[in-house]
Amino acid sequence: MREEYDSSKGRKNPYIKRVKKQVTINLDCSTIEYFKNQSEESGIPYQILINLYLADCVQQKKKFQPSWIKEA
């Protein structure tokens, strides 16, 4: 094994924009159950489903509009 490697000629990571960061968030039990049920139906792990939903919100540039606030 070499003591040093020359990485200056290497290519950039094509997945760098998709790198995930672990975070801790508080979710209601009912929200977790909803995504776990969706997970059972789809076969996709619930944490990935939550990420996909949030990523879709970002892509669609959705604005938070709570149902309990009426527009004038």
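In the next few minutes I will go through the helix pair, one salt bridge and a surface patch in this structure, which is a predicted model.

Let me start with the helices. Two packed helices are described by the angle between their axes and the distance between the axes. Here, the axes of α1 and helix α2, the latter covering residues 46-59, come within 8 Å of each other and cross at roughly 105 degrees. That makes α1 roughly perpendicular to α2, because angles of 65 to 115 degrees are counted in that class. If you would like to follow the contact residue by residue, on the α1 side please look at I32, F35, K36, Q38, S39 and S42, which meet Y46, L49, I50 and Y53 in α2.

I would like to stay with one of those residues for a moment, namely S39, which has its place in helix α1. Is S39 buried or exposed? At 15% relative accessibility S39 counts as buried, since the cut-off for that word is under 20%. When its neighbours within four places in sequence are left aside, S39 is in contact with I44, P45, Y46 and L49, and of these, Y46 and L49 are also among the α2 residues listed at the helix contact.

Now to the charged side chains, where the count comes to one salt bridge. Which residues form it? The side chains of K62 and D56 meet there, with a distance of 3.7 Å from N to O. As for how much of each partner can be reached from outside, K62 is partly exposed at 47% relative accessibility, and D56 is likewise partly exposed, with a relative accessible area of 29%.

Turning to the surface, V23, I25 and L27 form a nonpolar patch, and together they have about 280 Å² of accessible area. Within that patch, L27 sits in the segment before α1, the helix that spans residues 29-42, and L27 counts as partly exposed, its relative accessibility being 36%.

Finally, on the other side of the helix pair in sequence, Q65 lies in the segment after α2. Q65 is exposed, with a relative accessible area of 61%, so it falls above the 50% cut-off for that word. How far apart are Q65 and V23, one of the patch residues, in sequence and in space? They are separated by 42 residues in sequence, and their C-alpha atoms are 24 Å apart.

Notes. Residues numbered from 1 in each chain as written. Predicted model: local features only at pLDDT ≥ 70, side-chain atom pairs only at ≥ 80, totals over all residues. Heavy atoms only, no water. Patch = residues over 30% accessible without salt bridge, like charges linked within 9 Å, V, L, I, M, F, W, Y side chains within 5 Å. Areas by Shrake-Rupley, 256 points an atom, 1.4 Å probe, with all protein chains shown as cover. Salt bridge = Lys/Arg side-chain N within 4 Å of Asp/Glu carboxyl O. Helix = DSSP H or I, 4+ residues; strand = E, 2+ residues; numbered from the N terminus. Buried < 20%, exposed > 50% of the residue type's maximum accessible area, 1.4 Å probe, protein only. Axes fitted to C-alpha atoms, helices over the stretch in contact; angles between N-to-C directions. Parallel < 35°, antiparallel > 145°, perpendicular 65-115°, else oblique. Contact = heavy atoms within 4.5 Å.
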